[in-house]
Amino acid sequence: MSGRKNKIMKNKWLFEFDINKWEEVEKREKQTNDKGEEVEVISKVKEKRPVKFALRKPNRKLYDQAELFYGVKMSEGIKAGLLTRSLLAKRYEDDGGAFSEVEKKRYSELYLAIYNKENEYQRLQLNTDNKPEELKVRLSQDSLQEIAELRRELQDIESSQSNIFDQTAENRAKNQVIMWWVLFLSNWKEYDHNEYAQFFDGTNYDTKLNSYDDVEDSDDPFLSEVVRKLAYFVSFWYMGRASSQEDFEAVHEIYNANNPSEDASEAAEGEATEAEATADGETEKAPQSKAKPKAKKRGRPKAKKAKVATKEEAPINEEKTTETAASTETAASTETAASTVTAGVEKAVGETSDKTTDQEPEGSPS
Amino acid sequence: MSTVLRTTKECRSVYRDILQGHSFVSERGFYIKHYNESDLGYLENAYQNSADEATSMGFMSKKEKLDFLEKEDYWSKDEEDEYITATFSVNDASAHYEKLVIPEQKAAFEKIMEEQRKKLEKIGKTRNELVEPTVESYCDKIINELYVLRALYKDPELTKPAFSQEEFDDLSYRELGDVVRTYNKSIGQFTEINIKKIAVNSFFLNAFLMSDNDPVKFYGKSVLEMTIYQMNLFSRGKFYKSILTEGSEPPSEYYDDEINGITNLVSWFDAEHGKIMGKRQAQQSKMKQSSGKRRRR
């Protein structure tokens with residue numbers, strides 16, 4: 001990541017955050033040895049150093065470029081033979097829909113079964129036939145469990161239906177445009193630099209993508225964590241779930257809740273190394289740390305099959321903004337988004353960005 | 001968004017801008033440069049470069065894209081025709097709406113306009129997802145922005161651009177919309193009809209008649225440095241001079257009519273031109289006839 005010259009002069013950021021980097025530093029201590037002599041013990045210890053990262057607040061130019069990129073990728077997809085969403089829907093419609101006959105039957109059976117079970121549960125709550133309390137509780141729990149199972153099956157059918165639409169020209173273009181945003185919004189302060197610089201080297205998509213691949217290919221757990229977080233936050237922003245520092249901080253908490261082990265394990269490792277160094281204090285150099293736990297590899301942000309049923313995918317919002325994207329979603333919906341975006345950007349698409357509209361230039365110059 | 005000049009005072013103010021080669025927008029503090037041929041050449045060159053860039057990025061021309069989409073059953077010619085018709089309908093409706101004066105008529109027509117707009121929006125959304133971007137739309141966008149960026153200055157000498165490229169890129173869509181509107185409003189004063197109106201005024205014609213049809217004498221600078229509006233106005237001056245040298249003179253009461261005088265003068269010059277052309281045609285046909293007779297003899 002050396003030689004990042006494309007510094008951004010304007011201090012306009014969507015989100016600033018730290019990622020801890022564990023670094024080996026030399027620790028010098030004066031101790032007295034068995035002979036009563038004062039010796040300097042140099043040990044290598046791992047210390048946590050927060051590295052500053054920021055997502056750039058995109059300007060109009062960047063929105064324009066992203067839109068163009070989307071258009072090009074959409075065209076590529078169509079040229080390569082991918083169907084558009086509307087055409088795919090039309091073809092399924094002509095063939096009698098995306099559901100098979102068996103699925104259709106099962107789908108309606110499940111709906112009816114859920115309806116009946118919910119009624120049953122409500123009757124139990126009213127306890128019109130005066131069942132003993134213990135029996136009532138047991139039956140209620142059974143009902144709830146059955147309802148949950150039925151719902152799960154229903155969601156599976158819905159999910160399989162929505163997955164049919166995963167491989168459309170729009171979806172492919174959206175996945176790539178998310179990657180585009182990750183590459184162009186990510187900034188950091190390398191080695192205590194005072195100003196932010198772009199995290200991914202290069203001036204265009206291809207060169208930045210190469211830089212991304214280099215980061216991915218390096219086995220540095222810090223860089224893996226960086227890429228994972230950047231992709232995670234950009235996906236949330238793209239879906240219109242986060243637009244301010246506060247929104248992103250909430251998303252950060254979700255991320256931490258979903259990935260609790262990362263920092264903790266490294267911290268533990270750091271402490272272990274320190275302890276080891278202290279134990280071998282007599283030696284000039286403490287033993288090097290053990291092999292670090294390998295960070296999970298994530299791959300480029302792309303749409304994968306969602307584990308939960310997601311909303312029907314809406315076409316990309318053509319309205320652009322240079323103001324912050326609106327984030328009117330409730331905590332509950334943020335949770336839903338989080339579950340679909342677990343482990344980086346598993347389901348980065350399928351939602352329309354809910355950006356505040358900032359009107360297009362009216363007309364062209366005379 | 002064009003401004004209609006009505007009075008001599010209004011004409012004089014716009015004439016001043018033409019002579020200066022720029023306009024000043026006081027509410028924004030912008031000096032708007034009037035382009036000359038060299039500037040237009042620069043923009044044309046930028047368009048070509050953008051077209052090359054777009055092609056290398058994988059964009060297709062509009063025609064190529066439409067042909068491809070039709071061949072692959074994505075977007076038929078009928079659908080494209082429907083889109084074009086809907087676009088024309090909305091434009092025609094807006095133009096018609098501008099002409100309406102009675103509030104009830106306006107209100108009734110707004111509903112029709114809304115329906116047409118919705119129809120266009122629906123078909124346009126699908127179309128744009130499939131057809132855009134094309135080489136043309138990409139270049140148009142680039143050039144439109146460049147047009148505005150290169151026209152705005154902070155000083156009357158037109159040496160300090162109002163925005164650096166970075167500042168311009170940082171403008172939000174709303175801010176850019178405001179800038180474009182300001183630009184369009186200012187440039188909307190220099191329509192063909194307004195230049196005609198300026199040219200019929202005595203403050204222009206008197207000076208023009210003294211310049212011996214020499215633009216360098218008139219503007220005091222090289223022809224290549226003249227703005228497009230300066231050249232248009234000069235050409236119009238020559239045209240009107242040619243009418244006056246035929247011997248006719250506009251009714252003097254037109255010069256005293258503050259409200260309709262200018263419009264009437266333009267109409268008079270147009271009518272006189274028609275008469276002169278008619279006379280010439282009649283003369284030509286007479287000459288043809290007489291030369292035919294001579295040949296037969």
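Is B:Thr191 buried, partly exposed or exposed, and what is its relative accessible area? With a relative accessible area of 23%, B:Thr191 is partly exposed, where buried means under 20% relative accessible area, exposed over 50% and partly exposed in between (1.4 Å probe, protein chains only). The structure is a predicted model in which local features need pLDDT of at least 70 and side-chain atom pairs count only at pLDDT 80 or more, whereas totals for chains, interfaces and linings use all residues, and side-chain values use heavy atoms, with hydrogens and water left out. Residues are numbered from 1 along each chain as its sequence is written, while chains are lettered from A and ligands numbered from 1 in the order in which they are written.

**View 1. The loop residue B:Thr191 and its surroundings in chain B.** B:Thr191 has its place in the loop between helix H8 (173–187) and H9 of chain B, helices (H or I, at least four residues) and strands (E, at least two) being DSSP runs numbered from the N terminus. Although B:Thr191 and B:Tyr229 are 38 residues apart along the chain, their C-alpha atoms are separated by 9.0 Å.

**View 2. The crossing of helices H9 and H12 of chain B.** Two packed helices are described by the angle between their axes and the distance between the axes. For helix H9 (residues 192–199) and helix H12 (residues 228–244) of chain B, the axes come within 9 Å and cross at roughly 55 degrees; axes are lines fitted to C-alpha atoms, for helices over the stretch in contact, and angles run from 0 to 180 degrees between N-to-C directions. That makes H9(B) oblique to H12(B), given that angles under 35 degrees count as roughly parallel, over 145 as roughly antiparallel, 65 to 115 as roughly perpendicular and the rest as oblique. H9(B) passes H12(B) in a right-handed crossing (a crossing is right-handed if the near helix is turned clockwise from the far one by less than a right angle, and left-handed if anticlockwise). On the H9(B) side the contact, meaning heavy atoms within 4.5 Å, is made by B:Glu192, B:Ile195, B:Lys196, B:Ile198 and B:Ala199, and on the H12(B) side by B:Tyr229, B:Asn232, B:Leu233, B:Arg236 and B:Tyr240. By class, the contact of H9(B) with H12(B) has six nonpolar, one polar and three charged residues, with Ala, Val, Leu, Ile, Met, Phe, Trp, Tyr, Cys and Pro counted as nonpolar, Asp, Glu, Lys and Arg as charged, and the others, Gly among them, as polar.

**View 3. Helix H10 of chain B packed on H12.** The axes of helix H10 (residues 202–209) of chain B and H12(B) are 10 Å apart, and the two helices pack at an angle of about 80 degrees; H10(B) and H12(B) are therefore roughly perpendicular to each other. From H10(B) the contact takes in B:Phe204, B:Leu205, B:Phe208 and B:Leu209, which face H12(B) residues including B:Leu233, B:Phe234, B:Gly237 and B:Tyr240. The classes in this contact of H10(B) with H12(B) are eight nonpolar, one polar and two charged residues.

**View 4. Helices H6 and H8 of chain B.** The axes of H6(B) and H8(B) come within 10 Å and cross at roughly 65 degrees, which makes H6(B) roughly perpendicular to H8(B). The crossing in which H6(B) passes H8(B) is left-handed. Here B:Glu145, B:Tyr147 and B:Val148 in H6(B) meet B:Leu176, B:Val179, B:Val180 and B:Tyr183 in H8(B), and the residues of this contact divide into six nonpolar, no polar and one charged.

**View 5. Backbone details in loops of chain B.** B:Pro133, in the loop between helix H5 (103–131) and helix H6 (135–149), follows a cis peptide bond from B:Glu132, with omega near -5 degrees. B:Leu158, in the loop between strand E3 (152–153) and helix H7 (165–170), has phi near 55 degrees, a positive value in a residue other than glycine. B:Asn213, in the loop between H10 and helix H11 (215–219), likewise has a positive phi, near 55 degrees, and at 33% relative accessibility counts as partly exposed.

**View 6. Helix H4 of chain A at A:Gln155.** A:Gln155 lies in helix H4 (residues 133–163) of chain A and is partly exposed, with a relative accessible area of 36%. A:Gln155 and A:Tyr107 are 48 residues apart in sequence and 9.6 Å apart in space, C-alpha to C-alpha.
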